[in-house]
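Hi,

Here is the structure I promised to pass on. Have a look at it first, and then read on for what turned up.

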Amino acid sequence: MFIDTHAHLTDKTFHGKEMEFITKAEEMNVKKIITSGFDLTSSLQAFNLASQYKNVYASCGVYPCEADKTDKDWLEKLEQICKNNKVVAIGEIGLEFRENSPSREIQERVFIEQIKLAHKLKLPIIIHCREAIGATLNLLDEHKHLLTYGGTFHCFGQGKEVASQVLKLGFHISLGGVSTFKNAKAVKEAISFIPLEKILLETDCPYLAPEPFRGKLNHPALIPYIAENIAIIKGVQVCEVERQTTLNARRLFNI
């Protein structure tokens, strides 16, 4: 079976059709899905959805673009959600330094507080990083004593050099539709380098559908296309990618 380790089933695209897409995934042998929050509201929605379906789990957190919208009790509220056994990770959390993003100071404070929370709750973290790879790696290195329970860089779009640094920190690397794109040369080179034992699969749906569905709606049933691309690059059978990435996800997220 496959596991989609990062989806957004609470997105309005799937509203009222969650069961339909979960069933489609099962038909394609995607038997478990982790649906991710990006603020308190979506995190609670992710948990509620996971509570309804046996094969759906939640990751909960405040990602960088929402870091300036937290109230004084946000961390306590997040902790209460994350104490539930269907919540398997803190995330997505991290840094993003694009124009109009919250200040670096605010982002780093919110990021660090959630790293501490993950350590307290003995949960892995799911990292969102956009145009901030150096700062993200430095911050994680400074707080590596809190990374006991590991984590993953989701929607990885970097090359071999960054992959090497991520692996040195003990993290997994999660690959999605971007890894199948024809112009994703650096990512494909990284895939050749990354041990299969450190790779996870994800869709990040409804965004970034893999080839040959690029530009269309992404959903968990498309995970096998991502796995097939990895198998081709690494010169192994798809069943080996399926077996190992599923084992990786089960170990990291305890599912």
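A word on classes before the pocket: Ala, Val, Leu, Ile, Met, Phe, Trp, Tyr, Cys and Pro count as nonpolar, Asp, Glu, Lys and Arg as charged, and the others, Gly among them, as polar. Please also keep in mind that this is a predicted model.

With those classes, the lining of the largest pocket comes out at eleven nonpolar, ten polar and eight charged residues. The volume of this pocket is about 710 Å³. Its lining has 29 residues, and nearest the centre are His128, Arg130, His154, Cys155 and Asp204. Helix H2 (40-52), strand S4 (87-96) and strand S5 (125-130) each contribute at least two lining residues.

There is also one cavity of 30 Å³ or more, with a volume of about 40 Å³. Residues lining this cavity include Ile115, His119, Ile125, Leu147 and Gly150. H4 gives the most to the lining, with three residues. The cavity lining has eight nonpolar, three polar and no charged residues.

Now to the packing. The largest nonpolar core has 70 residues, and Ile115, Ile125, Leu140, Phe156, Phe171 and Ile230 have the most contacts inside it. Helix H4 (residues 104-121) gives the most to this core, namely six residues. Another core, of eleven residues, lies apart from it, with Ile34, Tyr57, Leu252 and Ile255 among them.

What is Phe171 in contact with, leaving aside its neighbours within four places in sequence? Its partners include Ile125, Leu140, Leu147, Phe153, Val166 and Lys198.

Happy browsing!

Technical notes. Residues are numbered from 1 along each chain as its sequence is written. This is a predicted model: local features need pLDDT of at least 70, side-chain atom pairs count only at pLDDT 80 or more; totals for chains, interfaces and linings use all residues. Side-chain values use heavy atoms; hydrogens and water are left out. A nonpolar core is a set of buried Ala, Val, Leu, Ile, Met, Phe, Trp, Tyr and Cys residues joined through side-chain atoms within 4.5 Å. Buried means under 20% relative accessible area, exposed over 50%, partly exposed in between (1.4 Å probe, protein chains only). Helices (H or I, at least four residues) and strands (E, at least two) are DSSP runs, numbered from the N terminus. Contact means heavy atoms within 4.5 Å. On a 1 Å grid over the protein atoms alone, a cavity is a set of points where a 1.4 Å probe fits but cannot get out, and a pocket is an open set with protein on both sides within 12 Å along at least five of seven lines; lining residues have an atom within 4 Å of a point. Grid points are joined across faces, edges and corners, and a volume is the space filled by probe spheres set on the points.
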